[in-house]
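Grab a pencil and work through these short exercises. Try each task before you read its solution.

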Amino acid sequence: MLRLASNFVPSRAVAEEVVQDTWLGVLRGIDRFEGRSSLRTWLLAILVNRARTTGVREARSIAVGDAAPAVDRARFDASGAWSSPPEQWVEDAEERLGAAALAAHIHDALEQMPARQRAVVTLRDVDGLDSDEVCAVLSLSQANQRVLLHRGRSQLRRALEAVLAGGSGG
Amino acid sequence: MMLLRRRAIACQEVVELVSDYLEGALTAGERRRFERHLAGCPHCTEYLAQMRETIALTGRLVPEDFSPQMRAEFAELFRRWRDEAVEPL
């Protein structure tokens with residue numbers, strides 16, 4: 001990519017900037033590149049390939065019943081009310097752990113997910129695709145896309161809670 | 001608590017409905033019950049805030065956060081795509 005960019009700009013430093021801007025731009029907001037069809041094509045090609053390499057197409061049916069709950073059942077009482085409610089960490093998550101550590105924890109949690117779940121969460125929440133695009137790229141129904149998104153996001157929240165609850169940040 | 005509302009939802013259900021809520025996939029009735037529960041439940045309000053924060057933090061991942069292998073794959077894909085795109089010229 002750097003070499004390609006170098007063909008069009010005067011210096012290596014500028015080329016590096018171009019590559020970085022491209023990554024950020026593409027991954028942040030596909031809509032901003034609307035009209036630059038080649039870039040959109042490129043992104044979709046990457047997405048489809050990523051989907052293939054994570055094995056999404058091999059097993060499309062999703063077992064809805066056997067999923068772990070979003071939150072451990074032991075944290076609710078018999079009536080379904082919180083017995084061990086969530087601690088507050090939203091306000092100071094970044095001050096306590098730092099952006100880089102938070103990103104690392106999220107990344108680790110993503111890597112531990114089943115492939116389809118990871119693909120949905122990554123495409124939606126990292127790459128910023130909407131649900132229609134994700135369904136198209138991964139050949140999923142809207143309902144299954146939501147199930148996978150729910151499981152994945154719930155798992156990420158649990159991962160953050162594991163390092164942020166308790167006040168020690170440990 | 002004195003009056004039984006029609007099928008009030010429990011916290012344990014809220015945490016399973018939260019994604020459908022954020023996706024706008026609840027029916028109007030479900031959405032009303034969900035929001036009514038939130039209005040009276042600080043714990044579930046906190047839970048919803050944590051889900052929103054989780055999504056926001058995930059959205060800040062940039063390619064540098066991905067493994068060298070994944071970046072290499074992207075670079076390779078780009079090269080292949082570029083070569084295909086350039087060929088006709």
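Helices here are DSSP runs of H or I with at least four residues, and strands are runs of E with at least two. Keep in mind that this is a predicted model.

**Exercise 1.** Work out what chain A is built from, and how much of chain A is buried.

*Solution.* Start with the count: chain A has eight helices and zero strands. Read from the N terminus, the order is α-α-α-α-α-α-α-α. Next comes burial, meaning under 20% relative accessible area: 43% of the 170 residues of chain A make the cut. Last, take the contacts in chain A between residues at least 6 apart in sequence: 58% of them link residues at least 24 apart.

**Exercise 2.** Check the length of helix 2 of chain B, then find what covers its buried residues.

*Solution.* Helix 2 of chain B covers residues 28–40, which is 13 residues, so at 1.5 Å a residue the expected span is 18 Å. The end C-alpha atoms sit 19 Å apart, which agrees. Now the buried residues of this helix: G29(B), R33(B), F34(B), H37(B) and L38(B). Their cover includes helix 1 (11–22) and helix 3 (42–58) of chain B.

**Exercise 3.** Describe how helix 1 of chain B and helix 3 of chain B cross.

*Solution.* Their axes come within 10 Å and cross at roughly 40 degrees, so the two helices are oblique to each other. The crossing is right-handed. For the contacts, helix 1 of chain B brings residues including V14(B), V18(B) and L22(B), while helix 3 of chain B brings residues including L48(B), M51(B) and I55(B).

How values were computed. Residues numbered from 1 in each chain as written. Chains lettered and ligands numbered in written order. Predicted model: local features only at pLDDT ≥ 70, side-chain atom pairs only at ≥ 80, totals over all residues. Heavy atoms only, no water. Expected span 1.5 Å × (residues − 1). Buried < 20%, exposed > 50% of the residue type's maximum accessible area, 1.4 Å probe, protein only. Contact = heavy atoms within 4.5 Å. Axes fitted to C-alpha atoms, helices over the stretch in contact; angles between N-to-C directions. Parallel < 35°, antiparallel > 145°, perpendicular 65-115°, else oblique. Left-handed = near helix turned anticlockwise from the far one by under 90°.
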